[in-house]
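Here is my note on the model you asked me to look at, written as numbered points. Please keep the sequence and the structure open beside it while you read.

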Amino acid sequence: MRASNPFFAAMNAIANPQVGVDINGDVGSMNDDRRAAAMASSIVATYRGTAPG
């Protein structure tokens with residue numbers, strides 16, 4: 001059993017967005033730089049509330 005941790009409790013008390021990359025299954029053909037850029041764009045779009053879905 002996990003010891004009581006105020007930070008852990010606070011993080012679990014709020015809703016956290018599901019972030020990820022929606023690139024239509026094209027991850028395998030992307031190089032690392034393109035994959036990182038797509039992930040960063042997805043995170044920013046989710047933060048701004050403009051992510052698809």
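1. At the start of α2, which backbone nitrogen does a side-chain oxygen of N31 reach? In this model, which is predicted rather than determined by experiment, the side-chain oxygen of N31 comes to within 3.1 Å of the backbone nitrogen of D33. At the other end, α2 is followed by G49, a residue whose phi is positive, near 80°.

2. It helps to place that helix in the whole chain, which contains two helices and zero strands. Of the 53 residues in the chain, 9% are buried, and the accessible surface comes to about 4,700 Å², with 57% of that area belonging to carbon and sulfur atoms.

3. Helix α2 covers residues 32-48, and its length can be checked with a simple calculation. At 1.5 Å a residue, its 17 residues should span 24 Å, and the C-alpha atoms at its ends are indeed 24 Å apart, so the expected span and the modelled one agree.

4. Which residues of α2 are buried? They are A38, S42 and A45, and when one looks down the axis of the helix, the buried residues fall within an arc of 70°, so they line one face of α2. The face turned away from this buried side carries the exposed residues D32, D33, Y47 and R48.

5. D32 deserves a second look, because at 58% relative accessibility it counts as exposed, the cut-off being over 50%. D32 also forms a salt bridge with R35, in which the closest N and O atoms are 3.2 Å apart. As general background, side chains of opposite charge can pair when their charged atoms come close. D32 and R35 are three residues apart in helix α2, which means that about one helical turn separates them. R35 itself is partly exposed, with a relative accessible area of 25%, and the count of salt bridges comes to one.

6. Y47, which also lies in helix α2, is exposed, with a relative accessible area of 74%. How far apart are Y47 and P17 in space, C-alpha to C-alpha? The distance is 8.4 Å, although 30 residues separate the two in sequence.

7. A similar reading can be made for Q18, which is found in the loop between α1 and α2. The C-alpha atoms of Q18 and T46 are 8.4 Å apart in space, while the two residues are 28 residues apart in sequence. Is Q18 buried or exposed? With 75% relative accessibility, Q18 counts as exposed.

8. Finally, please turn to helix α1, which spans residues 6-12 and includes F7. F7 is exposed, its relative accessible area being 58%, and together with M11 and I14 it forms a nonpolar patch on the surface. The accessible area of F7, M11 and I14 together is about 310 Å².

Conventions
Residues are numbered from 1 along each chain as its sequence is written. Side-chain values use heavy atoms; hydrogens and water are left out. Patches are made of residues with over 30% relative accessible area and no salt bridge: like charges are joined within 9 Å, nonpolar side chains (Val, Leu, Ile, Met, Phe, Trp, Tyr) within 5 Å. Accessible areas come from the Shrake-Rupley method with a 1.4 Å probe; for residues, only the protein chains shown count as cover. A salt bridge is a side-chain nitrogen of Lys or Arg within 4 Å of a carboxyl oxygen of Asp or Glu. Helices (H or I, at least four residues) and strands (E, at least two) are DSSP runs, numbered from the N terminus. Buried means under 20% relative accessible area, exposed over 50%, partly exposed in between (1.4 Å probe, protein chains only). The expected span of a helix is 1.5 Å times one less than its number of residues. The arc is that of the directions from the helix axis to the C-beta atoms. A polar contact is a pair of N or O atoms within 3.5 Å; within protein, one must be able to donate a hydrogen and the other to accept it, and residues adjacent in sequence count only if both atoms are side-chain atoms.
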